[in-house]
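Open the model in your viewer and keep the selection panel handy. We will go from stop to stop, and at each one I will tell you what to select and what is there.

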Amino acid sequence: MLKNYLRTAIRAIFRNRIYSLVNILGLTLGLCACMIVATVVIDDLSYDKQWSRGKDLYRIITVNKLGEQVFNRFGNALRGLGPELKKNFPEVEATAGMIPDEISLRFKGAGPNGVSLSMLRADTSFWGMLDIPILAGNPRRFVDGPGNLVISESLRDRFFKGHTPVGETFYDVPNGDDAPQPYVITGVMKDLPLNSHLHGDMILVRKPHVEPLNHDYSGSYGTQYLMMRPGTDMKAFEAKVNAWYSAYTKKDGRYQYEYQPIKDVYLHSDFESGMERRGNIRNIYIFSGVAVLLLLIACINFVNLSTARTISRLKETGVRKIIGAGKKDILLQFLSESVVYFGVSAVLAVILYQAFLPVVVRFLGHVLVQTFVSRLSLIVAGICSLFVISLSTGIYPAWILSGFKPVLALRGRLSGIRPGQNSLQRALVVVQFSISIVVLLAMIVVQQQVRFMEKADIGYDKKSLLSIGFNDWGKKGQDVKNELLQIPGVKLCSISSFVPPRAAGTFSTQIEDPSHPGTKITEWIMIGDVDLAATLGLHLVSGRVFDPSLASDVPPVDTTDGYKFSNQTALVTESTAKIMGIRSLNEKKKDLLATPVGIVKDFHNESLRDPLAPTLIMAERAPEYGGMLIRVEPGRENEVRAPITKVLERFFPGRTLEVRRVGELLDNQYKAERKLEELFAFFSALTMVLASLGIFGLIVYSASLRVKEIGLRKVLGASIASVVGLLSMDFIKLVAIAMLVASPIGGWLMHRWLQDFAFRISLGWELFAIAGGVTLLIAFVTVGLQALKAAKASPVGSLRAD
């Protein structure tokens, strides 16, 4: 019986090739896109789920708050906290510092500057936390003296073909004037999982940093993880620790601690701007929604086209019933057709999926570990899902065809199913195009926001500004500047802690907001040499710039006690002067660390996601550490890079100092938004193609059913334009209704998305008009061309048709 159902289903597919092609093409595109998006989502959700003690591993999060107001949170904690928690709380089984990092090592054949490798810095106590299969050596036995390296299997195969380098010593490429440090390879391990934020080519195992937990919030910070005893109530533990810490510090409870499950670190670390390997849970929600919508549009096409075709299959179904087929048999027959359609489409979708997967990997910039062709569980889940979807999608058309009387079927009577006139069909077409309009609107809004951020005036000229990353200049900083200023095209240089976009300043602090008593705001302190403001090209509004001859402007550094901020001057931004109520210069304000002597125009030291914060610029005499900003003549940025590199190599041989364009670095801040723009462009095109395929199939079938009507109208004098309008107007009205439905939904969604940006575009009516107009145009062209073809057909042949 099943074999007969399948044979009949295959014959039905070949009998109407246009209908079958449209259905299979739509389902193939929808299934393929859904599989690709689902792969990205499943892979991101798999991060750090492989550790056997994963349910008990937590990262300590430091929260800076006052009452219920949270200023910021970050994934570091005082290094003395972890050991104190282990000592005072029995719930803590182990604690360890772990953080991804980079290192340059001089392996054989790596060149004079060594090879840059990713690594995981980890305390010796981490061994009980993570599952690390060891292939060679005994890395758990710590070797005093040199750094202990456990290299991955792939790194061994890359540099040490034919032997295992356990026990061999290598040296790093030092930063600054430090001597090269030795590292001994103590073991070889299986590669760390790619779907983990704790990834690297090797692990640098070190003894835990021993530091007391001070009572005044002071001390050094590091990334720390706790392994809790199974079954620990983390909410109760968090409350207990924060109460203990408040009593321990005898402070106002400004700093508290939260505990982030290790499986949440990759997707829930938006607050960690410096974390390189991370995802975004919001994108997971977006991608999941898009995957569902793409599949929904494809299924809507199938339902609409299957329902439309019921008219042509009335007699077939009537004959089946007369010769003894029951309602169940008819239902199973048409459900088997649905399964065959989905099965053929799934095979084609898998072929496309395999072809496009490398493209997706290149776009994402990382390997996908979890794919539908690499894991049996995903294959089984995919097949089961496909079977359920095919039956769910096919049940409505099958139910219609199996539920009427054979007498009516043989007479060709079945009301309410003319393409475009059935209520369910109309609703489904509206849903299709509503989805397409929402996705198109999202693409337009994201695109406009990205262009706005790229072209926004940030308060200084980023185009002719170069930068060198943070470096230990030692006593050579001023000499390097003098040499660089001799290069034709170089105008100004400055060593500074502000190197956009890596650092927004030297440090920040919280001060009371004068306009909102009881609340705190962030104040940035930016320290550089006296040339910082001029190199950036900041505009002086009032007052003066720093005078190198004044000790208050450029004070000498007290190596034992740092800067005496109370005796130092500063430049402040316009917004700082407004917020702090600065009405006259050279007067010390309560919450300002220094005395303002000049006011400069506002500039963005953070991305446009963040609001302008009060900012103080302070001068330092001959900074020994920081980045360097170099102002060059416009148009000569590429010309001066080689001479600058030569100067750096002469002062710091064997050290890699890269000269980069600040404009490019700033634009890279919005890489995630640009990728989102590209994804929405792809999704928008795909949803529009799928929706157009569906409406194309409906208009083709509608025209075929009304061929005699069209011929009769033409004989009676109807024009081509009137026939085109007759065939297409019902569908165009549905698209217009979809515009009305999609506009408030898309507007609400994009309004919420834009709230993440302090500086953003407005959702003007023109954005909705563009999205609706483009959709209406595509629908009109799709329907109009086919309607025109039907209208131009000779009425003689159509009136003679059976």
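Two residues are in contact when heavy atoms of theirs lie within 4.5 Å. Keep that cut-off in mind, because packing at the stops below is judged by it.

**The whole chain**

Begin with everything selected, and remember that this is a predicted model. The chain holds 21 helices and 23 strands. Of its 802 residues, 50% are buried. Its accessible surface comes to about 37300 Å², and carbon and sulfur atoms account for 59% of that. Among contacts with a separation of 6 or more, 79% join residues 24 or more positions apart.

Now colour by pLDDT. The average over the chain is 81, and 83% of the residues score at least 70. Which elements have the lowest and the highest mean pLDDT? Helix α10 (residues 406-410) has the lowest, at 52, and strand β12 (residues 224-228) has the highest, at 94. Select residues 414-421 as well: pLDDT stays under 50 there, and the model gives this stretch 27 contacts beyond four places in sequence.

**Helix α2 and the loop after it**

Select Asp-44, which sits in helix α2 (residues 17-45). Asp-44 is buried, with a relative accessible area of 10%. Show its surroundings and, setting aside residues up to four places away in sequence, you will find it touching Tyr-266, Leu-267, Ile-284 and His-366.

Move on to Asp-48, in the loop between α2 and β1. Asp-48 has a phi near 60°, a positive value in a residue other than glycine. This residue is buried too, at 2% relative accessible area.

**Strand β1 and helix α3**

Next, select Thr-62 in strand β1 (residues 57-66). Is Thr-62 buried or exposed? Its relative accessible area is 0%, so Thr-62 is buried. Follow its side chain to the backbone oxygen of Asn-76, which it reaches at 2.4 Å. Beyond four places in sequence, the contacts of Thr-62 include Phe-74, Tyr-221, Tyr-255 and Tyr-257.

Then select helix α3 (residues 81-88), where the buried residues are Leu-81, Gly-82, Glu-84 and Leu-85. Turn the view to look down the axis of α3: these buried residues fall within an arc of 165°, so they line one face of the helix.

**Helix α8**

Jump to Leu-331, in helix α8 (residues 327-364). Leu-331 is partly exposed, with a relative accessible area of 23%. Add Ile-395 to the selection: it is 64 residues from Leu-331 along the chain, yet their C-alpha atoms are separated by 7.8 Å.

**Helix α12**

Select residues 477-485, helix α12, and highlight its buried residues Gly-477, Val-480, Lys-481 and Leu-484. They cover an arc of only 100° around the axis, which puts them on the same side of α12. An α-helix has 3.6 residues a turn, so residues three or four places apart point the same way. What do the buried residues of α12 pack against? Select β15 (490-496), β22 (625-632) and α15 (637-651) to see the partners.

**A cis peptide bond**

Between β15 and β16, stop in the loop that holds Pro-501. The peptide bond from Pro-500 to Pro-501 is cis, with omega near 0°.

**Strand β17 and its partners**

Select strand β17 (residues 520-528), which is mostly covered: seven of its nine residues are buried. Add strand β16 (residues 507-512), which pairs with β17 in the antiparallel sense over six bridges. One place to zoom in is Glu-512, whose bridge partner in β17 is Lys-520.

Then add strand β21 (residues 615-619), which pairs with β17 in the parallel sense over five bridges. Here Met-526 has Ile-617 in β21 as its bridge partner.

Within β17, pick out Ile-525. This residue counts as buried, at 0% relative accessibility. Ile-525 and Ile-617 are 92 residues apart in sequence, and their C-alpha atoms are 6.2 Å apart in space. Outside four places in sequence, Ile-525 touches Gly-505, Thr-506, Phe-507, Leu-593, Leu-616 and Met-618.

**Last stop**

Finish at Ala-622, in the loop between β21 and β22. Phi of Ala-622 is near 50°, a positive value in a residue other than glycine. Ala-622 counts as exposed, at 51% relative accessibility.

Key. Residues numbered from 1 in each chain as written. Predicted model: local features only at pLDDT ≥ 70, side-chain atom pairs only at ≥ 80, totals over all residues. Heavy atoms only, no water. Buried < 20%, exposed > 50% of the residue type's maximum accessible area, 1.4 Å probe, protein only. Helix = DSSP H or I, 4+ residues; strand = E, 2+ residues; numbered from the N terminus. Arc of directions from axis to C-beta. Areas by Shrake-Rupley, 256 points an atom, 1.4 Å probe, with all protein chains shown as cover. Pairing = 2+ DSSP bridges. Polar contact = N/O pair within 3.5 Å; in protein donor to acceptor, adjacent residues only side chain to side chain. pLDDT = per-residue confidence, 0-100.
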